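Visitor: I have a sequence and a model on the bench screen. Could you walk me through how the parts pack together?

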Amino acid sequence: MEQDPTRMRLAKYLALTGLCSRRAATRYIRDGQITLDGRLANHIDTVTLANSSETASCLEMLTFEGQPIAGVEMKQYRVLHKAVGTDSRLLIDDPASLLHLLPSTPRLYPVGRLDKDSRGLLLLTNDGELTQTLMHPDFGHSKIYHVRVDRAFGDDFLQLMAQGVSYRDVTTNPCSMTRLADDQFEITLTQGLNRQIRRMSQALGFKVVDLKRVQLQTLALGALNEGEMRALTIEEVAALKGKVD
């Protein structure tokens with residue numbers, strides 16, 4: 001049976017609007033946070049596309065926690081050089097929240113987080129599908145950081161970090177390490193554990209005093225100044241999607 005081109009699964013449509021990833025949409029539907037034409041939505045619901053899935057909205061009335069869900073926006077991709085002190089969580093009541101640096105439209109969401117005391121590259125987009133894929137641990141997407149610790153280290157530190165470090169109840173995956181200076185290194189991770197670099201370093205007796213993300217997959221921070229934001233080029237978007245499509 002051919003799929004009706006004017007119908008789309010609700011979770012996929014919610015991801016296209018930029019509200020969330022498709023995985024999060026499924027969770028919102030399950031938890032009763034989405035209504036469709038005045039009733040609680042369910043996971044088998046579909047919506048009727050008013051035009052095309054990339055440029056229009058659906059005919060049904062959708063809400064998230066009682067608030068109307070806007071139609072599909074043109075996909076936007078921006079990179080921010082996050083400063084230390086900016087909280088990556090979108091919290092309206094927190095003056096340090098990233099939310100206050102974002103435009104009201106289009107609605108952009110960070111792909112992953114950087115700790116409040118870390119800085120560097122933060123990808124912002126309303127492309128829920130790309131966000132879900134870049135965040136999924138099964139794909140092992142690379143992230144490169146430049147790190148300074150509180151004192152000089154030897155080559156044994158680089159080797160121990162590279163082979164994986166045990167702390168709490170985890171052992172990190174092997175990673176790539178390069179010395180940048182007596183007290184600085186570059187690390188390439190394919191994991192996304194909470195405060196991973198800081199905890200790896202601490203387990204080996206060092207304290208991170210500066211942590212800067214400089215690359216996500218093919219997207220590099222480059223010369224973007226701290227606190228500044230720019231749109232990705234067509235080539236940068238294509239390269240990112242080429243890694244995940």
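**Helix H5 and its surroundings**

Guide: Start with H5, in a model that is predicted. H5 is mostly covered, with 6 of its 8 residues buried.

Visitor: Which residues of H5 are buried?

Guide: Buried here means under 20% relative accessible area. Two of the names are arginines, Arg198 and Arg199. The full set is Gln196, Ile197, Arg198, Arg199, Met200 and Ser201.

Visitor: What do the buried residues of H5 pack against?

Guide: One helix is among the partners, H4. The strands are E10, strand E11 (166-167), strand E14 (184-189) and E15. In full, the buried residues of H5 pack against H4, E10, E11, E14 and E15.

Visitor: Which residue just after H5 takes a positive phi?

Guide: The chain has just left H5 at this point. The phi is about 90°, and the residue is Gly205.

**The aromatic pairs**

Visitor: How many aromatic pairs are there, and how are the rings of Phe153 and Phe206 arranged?

Guide: The count comes to 6 aromatic pairs. The rings of Phe153 and Phe206 have centres 6.5 Å apart and planes at 85°. Planes over 60 degrees apart count as edge-to-face. Therefore the Phe153 and Phe206 pair is edge-to-face.

Visitor: How many residues apart in sequence are the parts that this pair ties together?

Guide: Phe153 lies in the loop between strand E10 (143-149) and helix H4 (155-163). Phe206 lies in the loop between helix H5 (196-203) and strand E15 (208-216). So the pair ties together parts that are 53 residues apart in sequence.

Visitor: Are Phe153 and Phe206 buried or exposed?

Guide: Phe153 has a relative accessible area of 6%. Phe206 has 11% relative accessibility. The cut-off for buried is under 20%, so Phe153 and Phe206 are buried.

Visitor: Which charged residue sits over the ring of Phe206?

Guide: Phe206 forms one aromatic cluster with Phe153, Phe157 and Phe185. A charged end sits over the ring of Phe206, 4.0 Å from its centre. That end belongs to Arg151.

**The strands around E15**

Visitor: What is the sense of pairing between E15 and its partners E9, E10 and E16?

Guide: E10 and E15 pair over 7 bridges in the antiparallel sense, with Ile144 and Gln215 as bridge partners. E15 and strand E16 (residues 219-220) are antiparallel, over 2 bridges. Strand E9 (residues 119-125) and E15 also have 2 bridges, with Gly120 opposite Arg213. The sense for E9 and E15 is parallel.

Visitor: Which residue in the turn between E15 and E16 has a positive phi?

Guide: E15 and E16 form a hairpin with 2 residues between them. Leu216 and Leu219 are bridge partners. The turn residue has a positive phi of about 55°, and it is Gln217.

Visitor: How many bridges join E14 to E10 and to E13?

Guide: E10 and E14 are antiparallel, and Lys143 stands opposite Leu189. Strand E13 (residues 176-181) is also antiparallel to E14, and a hairpin joins E13 to E14 through 2 residues. The bridges number 6 for E10 and E14, and 5 for E13 and E14.

**Thr63 and the open sheet**

Visitor: Which side chain makes a polar contact with that of Thr63?

Guide: Thr63 is in strand E5 (residues 62-64). At 12% relative accessibility, Thr63 counts as buried. The polar contact is 2.3 Å, and the partner is Thr35.

Visitor: Which strands stand at the edges of the sheet with E5?

Guide: 4 strands form an open antiparallel sheet in the order E3-E2-E5-E6. The edge strands each have a single partner strand, so one side of each is left without a neighbour in the sheet. They are strand E3 (39-40) and strand E6 (67-68).

**The nonpolar cores**

Visitor: Which element gives the largest share of the largest nonpolar core?

Guide: This core has 22 residues. Helix H1 (10-17), helix H2 (22-30), strand E2 (34-36) and E5 each give two or more. The largest share, 5 residues, comes from H1.

Visitor: How many residues does the second, separate core have?

Guide: Phe153, Phe157, Phe206 and Leu211 are included in this core. Its count is 20 residues.

Notes
Residues numbered from 1 in each chain as written. Predicted model: local features only at pLDDT ≥ 70, side-chain atom pairs only at ≥ 80, totals over all residues. Heavy atoms only, no water. Phe/Tyr/Trp six-rings, centres within 6.5 Å; stacked < 30°, edge-to-face > 60°. Buried < 20%, exposed > 50% of the residue type's maximum accessible area, 1.4 Å probe, protein only. Lys NZ or Arg CZ within 6 Å of the ring centre and 35° of its normal. Polar contact = N/O pair within 3.5 Å; in protein donor to acceptor, adjacent residues only side chain to side chain. Pairing = 2+ DSSP bridges. Contact = heavy atoms within 4.5 Å. Core = buried A, V, L, I, M, F, W, Y, C linked by side-chain atoms within 4.5 Å.
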